Amino acid sequence: MNVCLLDLKAQHAALEPQLREAFLRVLHSGHFILGPEVENFERALVQFTGAKYALGVSSGTDAILVALMALGLEPGDEVLCPAFTFFATAGCVSRVGATPVFVDSCPVCFNLDLADAARRITARTRAILPVHLFGQAADMDGVNELAKINHLRVIEDAAQAMGATYRGTQAGTMSDFGTFSFFPTKNLGAFGDAGALVTNNKALYERAKILRMHGMEPKYYHSVIGGNFRLDALQAALLAVKLPHLNAYSEARRHNAAAYTERLSAFPGVKVARLEDCCSAGRSAETEEDARMVLPVACPHNGHIWNQYTLRVIGAGRRDALRAHLTAKGIGSEIYYPLPLHEQACFAHLVGKPEDLPVAHRLGGEVISLPIYPELPREQLEQVCTAVGEFLRA
């Protein structure tokens, strides 16, 4: 039996009557851009996250872009962001004319290494853009303290972390802006591109709202240059159907993550990442001394939502060999991300050499993500574990 990396059919089938009703409601309304459906979804986001304001936008990428624009980032400014993440984080920084300054990552939580971030601050640094990667929140106490000391703005890239928490607080609500993606593969997935940003600052919310609509306020009067970042009413209506189920989806992912860790850690040479080594100097030596595979771990103060279950395969070429083995067994997997941002052709001029960010460089050759979606049948999860065990014994 083939095992998909992600299969949304079961999730959507369970909600089909409500989804059909939402679709027909929008169809019959004739109102397809912004409007009551988007406003309703924004209110639901405020209630869910605890933020004071929420703004639906066209994608998670555009959410970051709007946040940067609202904060006034411009050419000559520098923005700290992790090198090991999806392209949109740094791409949006470049799109406003600012310069992304890449920061190394922690091999345990995969998030931004604050000690490295502090070393890279200059007189031109204006903001820091932590990413809550794979569904686990970054160290926001540390981020905000660093920002306070250096007078930096903070944007949380929570594209993969809708519903994740840090010390009981929702990801995305601990900074100037939090940005979310509702790309179909996310824990809360739309039926196309969609995103949102949240803030507790009314002035920033009002500015972002104007920027969402070409900088227009009132109609056909433009005080600033914005863009077309509007959310479709249909996406908002469908997302509003799924949002009440998000916590249950995340809990199912936690259950699957725990099952993976229990089963895989029993194989020789497999270790769970050490929390003692998280975001600290020299952290990798003990963890990987005799490990062939390192499993992910949730920090105890975090509510991890496991957007991905990403493990590390130690040894040159071993990760790619595991992926080939899984593929031959009909098991889906993905590499998030094979080439860190500082090694991408479009950003290569910003960093001296790949080894300047050693952890990000290494992660690109070690990480692989296994199927973990909420509806993953237990027998298929066992099938994945069996295949990994076969690889380790070979």
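**Cavities, pockets and a four-stranded sheet**

Colleague: Which residues line the second largest cavity?

Modeller: This is a predicted model, and in it the second largest cavity has a volume of about 30 Å³. By class, its lining has four nonpolar, three polar and two charged residues. By name, the residues that line this cavity are Leu6, Leu8, Gln11, Thr185, Lys186, Asn187, Tyr249, Arg253 and Pro374.

Colleague: How does the lining of the largest cavity divide into nonpolar, polar and charged residues?

Modeller: The count comes to two cavities of 30 Å³ or more, and about 60 Å³ of space lies in the largest. Among the residues that line the largest cavity are Val108, Phe110, Leu133, Phe134 and Trp306, together with Gln136, Gln308 and Thr310. Taken by class, the lining of the largest cavity divides into eight nonpolar, four polar and no charged residues.

Colleague: Which helix supplies the largest share of the lining of the largest pocket?

Modeller: The largest pocket holds about 430 Å³ of space, and of the 23 residues lining this pocket, Phe86, Gln160, Ser181, Phe183 and Lys186 lie nearest its centre. By class, the lining has nine nonpolar, eleven polar and three charged residues. Helix H4 (60–70) and helix H5 (88–95) each supply at least two residues of the lining, but the largest share, three residues, comes from H4.

Colleague: How many residues of each class, nonpolar, polar and charged, are in the lining of the second largest pocket?

Modeller: For the second largest pocket the volume is about 310 Å³, and 13 residues line this pocket, the closest to its centre being Leu34, Lys209, Met213, Met216 and Glu217. Helix H8 (residues 202–212) gives the most to this lining, with four residues. Divided by class, the lining of the second largest pocket comes to seven nonpolar, no polar and six charged residues.

Colleague: Which strands stand at the edges of the sheet, and why is one side of each left without a neighbour?

Modeller: The four strands form an open sheet with mixed pairing, in the order S10-S11-S13-S14. Each edge strand has a single partner strand, so one side of each is left without a neighbour in the sheet. The twist averages 30° from one strand to the next. The strands standing at the edges are S10 (270–272) and S14 (367–370).

Colleague: What angle does the direction of helix H10 make with that of S13?

Modeller: Strand S13 (residues 309–313) runs antiparallel to strand S11 (residues 293–295), the two being joined by two bridges, and Val294 stands opposite Arg312 in S13. Helix H10 (residues 246–264) packs on the sheet and touches S10, S11, S13 and S14, its direction making with that of S13 an angle of about 25°.

Colleague: Which elements do the buried residues of H13 pack against?

Modeller: Helix H13 (residues 358–366) lies across S13 and S14, running at about 100° to S13. Its buried residues include Val359, Ala360 and Leu363. The elements that the buried residues of H13 pack against are S13, helix H12 (318–328) and S14.

Colleague: Does Ala291 count as buried or exposed?

Modeller: Ala291 lies in the loop between helix H11 (284–288) and S11. Leaving aside its neighbours within four places in sequence, Ala291 is in contact with Gly269, Lys271 and Ile314, while the C-alpha atoms of Ala291 and Pro268, 23 residues apart along the chain, are separated by 8.6 Å. Buried means under 20% relative accessible area. Because its relative accessibility is 8%, Ala291 counts as buried.

How values were computed: Residues are numbered from 1 along each chain as its sequence is written. This is a predicted model: local features need pLDDT of at least 70, side-chain atom pairs count only at pLDDT 80 or more; totals for chains, interfaces and linings use all residues. Side-chain values use heavy atoms; hydrogens and water are left out. On a 1 Å grid over the protein atoms alone, a cavity is a set of points where a 1.4 Å probe fits but cannot get out, and a pocket is an open set with protein on both sides within 12 Å along at least five of seven lines; lining residues have an atom within 4 Å of a point. Grid points are joined across faces, edges and corners, and a volume is the space filled by probe spheres set on the points. Ala, Val, Leu, Ile, Met, Phe, Trp, Tyr, Cys and Pro count as nonpolar, Asp, Glu, Lys and Arg as charged, and the others, Gly among them, as polar. Two strands pair if DSSP finds at least two bridges between them. Axes are lines fitted to C-alpha atoms, for helices over the stretch in contact, and angles run from 0 to 180 degrees between N-to-C directions. Contact means heavy atoms within 4.5 Å. Buried means under 20% relative accessible area, exposed over 50%, partly exposed in between (1.4 Å probe, protein chains only).
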